[in-house]
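This report describes one structure in plain terms. It takes up cysteines, a helix and two loop residues in turn.

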Amino acid sequence: MAEERRQKHCSVVLPTESMKAMAESVGVGQLQEDSCVALSEEVSYRIKEIAQDALKFMHHGKRRKLTTSDIDNALKLKNVEPLYGFQSQEFIPFRFASGGGRELHFYEEKEVDLSDIINTPLPRVPLDVSLKATKEQQKAESTEPLKVVKPGQEEEGTIQGKSQGTTTPDGKGKEKGLIRLKPRSTHELSVEQQLYYKEITEACVGSCEAKRAEALQSIATDPGLYQMLPRFSTFISEGVRVNVVQNNLALLIYLMRMVKALMDNPTLYLEKYLHELIPAVVTCIVSKQLCLRPDVDNHWALRDFAARLMAQSCKTFSTTTNNIQSRITKTFTKSWLDDKTQWTTRYGCIAGLAELGSDVIKTLIIPRLAVEGARIKAVMEGPVVSNIDKIGAEHVQSLLLKHCASVIAKLRPQPDNVDQYRTDYGYLGPMLCSHVMKARTQAALQAQQVNRTTLTITQPRPTLSVSQSGLSGSSGPRTPSIIKVPSSLTLMSPRPGTPSQPSPPATKYIVMATSAGAASTQQVITLSSSQSASPVTSTVPSATSTLQPLVKLESGSGAGLTASRPLQKYIVVSLPSSASSSLETKSSVLPTSISSSSLDGGMKLERSESPGASTQSPH
Amino acid sequence: MAAVQGGMGDADIKTDIKTEPSADGFGNNNANDGRVLSASPGSTPVTPEDQQTLLAVLQFLKKNKLTESVEILRREAGLPENSLDPKANESAGAGSGGAAGIVDLEGGDASSLLSRVTGSSSAGAQAPTKGTVQSGSGRDQPDVSVVLSAYSQQGDPTLYKVYYRDLKKFIETVLDCHRAELSQVFYPLFVHMYLELVYNNHESEAKAFFEKFSGDQECYYEEDLRILSGLTKKEHMRGNETLLDFRTSKFVLRISRDSYQLLKRHLQERQNNQIWNIIQEHLYIDIFDGMPRSKSQIDAMSGSLAGEAKREANKTKVYYGLLKEPEIELPLDDEDEEAENEEGKPKKKKPKKDSVGSKSKKQDPNAPSQNRIPLPELKDSDKLDKIMYMKEATKRIRLGPDNLPSVCFYTFLNAYQGLTAVDLTDDSSLIAGGFADSTVRVWSVTPKKLRKVKSAADLNLIDKESDDVLERIMDEKTASESKIMYGHSGPVYGISFSPDRNYLLSSSEDGTVRLWSLLTFTCLVAYKGHNYPVWDTQFSPYGYYFVSGGHDRVARLWATDHYQPLRIFSGHLADITCTRFHPNSNYVATGSSDRTIRLWDVLSGNCVRIFTGHKGPIHSLAFSPNGKFLASGATDGRVLLWDIGHGLMVGELKGHTDTIYSLRFSRDGEILASGSMDNTVRLWDAMKAFDDLETDDFTAATGHIHLQDNSQELLLGTYTTKSTPVIHLHFTRRNLLLAAGVSQL
């Protein structure tokens with residue numbers, strides 16, 4: 001093959017006819033045949049030489065195409081005047097004509113009417129050269145999720161090369177070959193989408209609750225977020241990873257709320273991103289420590305909430321191929337069964353299992369009630385080991401009671417005998433018994449109260465709020481603080497009305513709001529924005545410690561934000577205070593914005609507070 | 001030997017330096033030239049042969065009434081005053097190398113280009129090899145007619161085929177172990193026989209000969225054969241550079257003694273004088289004792305325009321070690337103030353600093369002495385930069401096969417394929433592009449914008465005593481992300497930032513190298529010397545010096561404050577396509593279209609290494625950070641690795657499918673990144689490639705290497721762009737890989 005080509009090279013010579021044509025064109029007629037041959041050989045040779053030099057220029061110009069300027073330069077090299085005017089880029093300006101047995105290629109030079117040129121509108125000004133930075137990232141722990149790309153993909157970063165190259169911290173650890181394991185396809189984001197992404201993520205983890213609610217609302221409802229999904233999922237998983245280490249409870253909650261919102265969005269298909277989301281959620285369920293002060297912060301609520309998310313994703317995404325539910329169940333059971341597992345993790349495991357449904361409770365939890373009871377007993381009644389363990393044990397106990405009672409109520413025949421329970425379930429037996437009895441009566445009254453997605457977060461010191469900073473120094477019994485969502489806390493006067501009167505036993509109130517079809521996030525806005533309008537808060541004190549929903553309140557608050565919303569219903573319910581609520585009595589309430597599941601379309605805000613707080617509500 | 005060459009090289013330089021100004025009408029600019037680097041040549045002893053050349057040069061100078069130059073040259077060469085006259089006529093008639101060069105400078109038409117090229121290449125070809133081969137004829141006959149006259153011996157043109165076929169038959173029947181070695185003879189023989197036929201006007205025989213045997217040649221000679229194929233007439237030979245290269249330099253073959261004896265015996269038996277004459281006259285056979293080499297060994301080293309490098313050419317000692325870093329006291333005081341709050345910081349710094357210190361205390365036995373060539377003194381700003389560098393270095397990521405670098409790609413948009421060169425500053429804060437439309441553009445890739453210095457009038461107003469005077473001289477109004485600099489009149493093919501980021505060099509098709517100020521964004525100097533396109537230029541790692549190389553086949557070493565070159569490195573047989581400074585600034589590597597890489601000693605101007613093995617023009621070079629190794633990439637898509645100290649090829653990295661335009665070692669030398677026209681960046685395990693070396697004494701002595709074909713094992717990663725050839729690569733101080741290219745879409 002190569003040989004043939006080479007031989008062809010050897011023999012290629014311009015035809016003598018061309019020489020004649022050329023000669024004629026410059027006015028030399030009757031060229032001798034010999035001269036033609038000599039000329040054509042000479043010309044062919046020179047052309048080859050020039051072509052070879054032109055190739056050199058092409059190579060140095062770092063191009064694959066030979067251009068006319070290369071030939072010009074090659075001519076210059078030989079001290080020959082370049083052929084000016086051949087600037088055409090791609091197109092060969094020769095025309096072919098034949099006739100009378102002769103073939104001719106000629107350069108078509110049309111007469112140009114100057115007025116045409118003058119009158120044509122100016123073409124668009126060509127864009128100036130600019131620089132764009134794109135990045136192929138090797139590391140998993142990227143601070144800029146926008147740039148995680150799999151190899152082989154050129155992805156747009158930001159414009160004008162202004163930022164990343166030098167400034168991105170490349171001092172982070174890397175995970176070996178991680179990119180290759182991620183068959184995600186990331187797409188380029190338009191500038192608008194980048195802006196949107198930035199706004200949303202900032203709002204979701206920012207300090208303004210109103211904005212967060214709006215952002216979550218947007219995530220939960222906007223169609224067409226699919227392109228951003230990989231980024232969101234990375235954002236969440238990275239965020240959880242970082243904040244678990246830093247024990248930043250608030251941010252973990254925000255991130256879980258983002259997960260919730262993503263799950264609620266009917267246009268998103270999360271299956272492909274579960275590998276990032278599930279570990280994040282499970283982390284929030286079972287992590288040993290989620291907050292800075294495990295003795296006081298209410299991380300239990302986060303665990304509960306995350307467990308509910310987990311249950312929901314199991315319900316939605318578990319298939320026979322991915323086996324999410326069984327894998328998750330195994331994970332939980334394994335760490336629960338481990339003796340060394342801390343109470344926090346234990347709580348998470350049980351919560352995770354319990355949320356998976358009554359079948360799981362029946363087969364996995366109830367058989368272990370006796371063992372678990374013994375363990376709790378050891379902590380509660382034994383020598384005081386540490387306060388944290390005790391609190392943990394209390395929480396586990398109440399959790400078990402809460403979840404098992406209803407199941408047992410269905411399992412066991414009617415007469416509830418305390419002694420029978422004690423023999424069956426050990427230490428927890430008597431308590432279970434009373435719970436089961438309550439459950440039976442309650443089930444009769446309100447069957448609809450089950451299965452709500454709820455997040456209860458109580459924090460003794462709302463660290464987020466500015467207003468509380470003055471109080472945080474006090475080390476004694478904490479000042480009961482206000483029943484407000486934190487975003488409104490910052491709006492409030494720094495010194496809430498001090499409850500001086502002795503607090504009656506703690507009561508839990510559940511505020512429920514229903515609005516037709518509206519996602520919960522919006523409701524939170526309503527909640528916070530309608531603070532000034534007082535109907536919400538004013539209802540709180542009126543709740544007494546009965547078990548039934550007490551107040552149904554319809555508020556059409558005048559705040560501009562909610563003006564367009566349908567009427568909001570707030571239902572304040574109080575729950576029996578649990579035995580372990582001694583801590584919660586001191587706590588104020590963190591915001592919750594759990595969107596309602598499609599089933600009940602409502603939202604619960606569980607709060608525990610001393611009624612004294614209500615004094616500050618304007619009357 | 002080195003000393004002799006020093007004298008030779010210097011003579012060349014002197015003539016060039018001194019005659020150019022005279023041609024331009026300046027008579028007395030030569031006094032300063034070479035002051036910076038003129039340490040060695042004065043004291044070199046002069047052999048009779050050199051003396052002859054010198055005399056010829058002197059004669060020429062005298063004839064042109066350049067008396068001052070005559071004086072200086074004579075003083076430097078140590079010749080007596082009256083030594084000129086006796087041989088004057090002789091040398092003037094022969095037309096020495098120097099004379100040929102000068103003709104060009106004064107004339108400048110096509111034919112003089114030729115003679116100039118001849119002059120430089122013939123002179124250069126000998127510089128490194130002198131004394132071993134030269135019978136003296138080559139040096140004194142650079143003129144074309146003389147060169148060609150070697151072909152004038154007549155033989156029966158029809159017998160050429162028979163001779164060649166006869167030899168072919170013989171070589172095919174010898175023992176296998178000799179066959180590969182003897183096959184090397186085919187190509188040069190073929191070329192010379194063909195040229196002889198052409199020269200003697202046996203056109204049809206030549207054509208037939210070419211057609212019959214050109215297919216037998218190794219595929220990597222195809223480029224040359226294509227050129228040869230066009231050459232069918234005696235007249236063509238007059239202007240053809242390839243041919244002249246072939247003529248003026250002997251084709252070097254390495255053959256074992258046994259094989260050589262075999263060949264010799266055969267030719268003598270057959271009375272095959274035609275071939276024997278060619279071998280005698282045009283080939284240089286480097287005979288070695290020992291085992292004949294295998295086919296793969298030969299293939300690895302062959303491919304260059306003039307055969308392999310002679311073993312002697314790579315014997316000179318090369319001081320490849322790094323220079324001692326100047327000790328810089330880190331201003332820890334203000335550092336501590338900053339870092340008092342977090343105690344981790346100063347702790348981290350100290351061990352690093354110690355390690356740097358201890359490294360520099362140990363003098364590398366392979367390093368050149370600190371003042372072997374004069375280096376510019378460190379300014380305060382340089383010291384600050386060094387400190388910054390050390391700080392960054394502490395945050396550097398250790399790369400390795402398990403820890404590949406991230407890549408950030410800078411794509412030039414709307415450049416319409418006009419981007420021809422890119423460079424980044426060492427601290428990765430600025431990026432510069434050279435364009436086919438003759439512009440040079442500089443971008444800031446950090447948020448810090450580019451600003452000009454205020455005008456002279458405004459500068460008068462500012463308080464020169466103030467601490468922030470450097471900040472005050474900048475004009476805020478001119479702040480922008482990029483600046484364009486106009487000045488060249490042809491595509492800009494090479495670009496290089498000075499280490500202190502105050503200057504930028506650009507080399508262009510218009511034959512000039514320009515120095516730009518990055519404070520005023522104006523051109524400071526246009527260095528004229530290359531009269532043909534300058535393909536590449538690069539600043540020395542210590543600043544001040546720079547090297548340029550271009551179509552005129554010579555590389556020049558310049559100092560920024562001299563408008564004449566300090567050294568001229570001549571010896572390549574074709575365009576110099578890329579130039580690189582050794583990290584210790586004492587050596588310069590040049591890659592060429594003649595498919596060789598040469599390493600030049602900046603001090604003496606001698607060629608100290610010739611590396612052959614590439615099968616296409618070399619377009620990229622990179623020194624490893626420790627100065628021991630050199631990587632080169634060519635149009636053949638292969639990267640070759642060289643051990644500078646031993647002068648050996650130590651590795652071959654196959655994988656790219658197109659020209660490799662950029663090579664770069666990571667900051668610690670663990671990873672070699674290569675960027676190519678095939679739209680990929682590939683990462684290679686350099687540590688492994690160099691560790692696996694079997695550098696036993698035998699290999700070192702004979703230069704016969706066994707290359708393992710382990711490219712696939714060494715390839716750590718391939719990153720593809722959509723349609724953007726990679727033309728520049730750069731590792732930031734923290735080992736992030738930056739790449740640049742222009743989108744072809």
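Counted over all chains, there are 0 disulfides, a disulfide being a pair of cysteine sulfur atoms within 2.5 Å. A:C36 is buried at a relative accessible area of 0%, and A:C204 is also buried, at 0%. Here buried means under 20% relative accessible area, exposed over 50% and partly exposed in between, with a 1.4 Å probe and protein chains only.

The model is predicted: local features need pLDDT of at least 70, side-chain atom pairs count only at pLDDT 80 or more, and totals for chains, interfaces and linings use all residues. Residues are numbered from 1 along each chain as its sequence is written, chains are lettered from A and ligands numbered from 1 in the order in which they are written, and side-chain values use heavy atoms, without hydrogens and water.

Helices (H or I, at least four residues) and strands (E, at least two) are DSSP runs, numbered from the N terminus. In chain A, helix α20 (residues 429-445) has 17 residues. Its buried residues are A:G429, A:L432, A:C433, A:V436, A:A439 and A:R440. They lie on the same side of α20(A), because they cover an arc of only 125 degrees around the axis, taken from the directions from the helix axis to the C-beta atoms.

Most residues other than glycine have a negative phi. Two residues of chain B with positive phi are listed below.

| Residue | Phi | Loop in chain B | Relative accessibility |
|---|---|---|---|
| B:F521 | about 55 degrees | between β12 (512-517) and β13 (522-528) | 8%, buried |
| B:Y544 | near 70 degrees | between β14 (534-539) and β15 (545-550) | 21%, partly exposed |

Terms used: Expected span 1.5 Å × (residues − 1).
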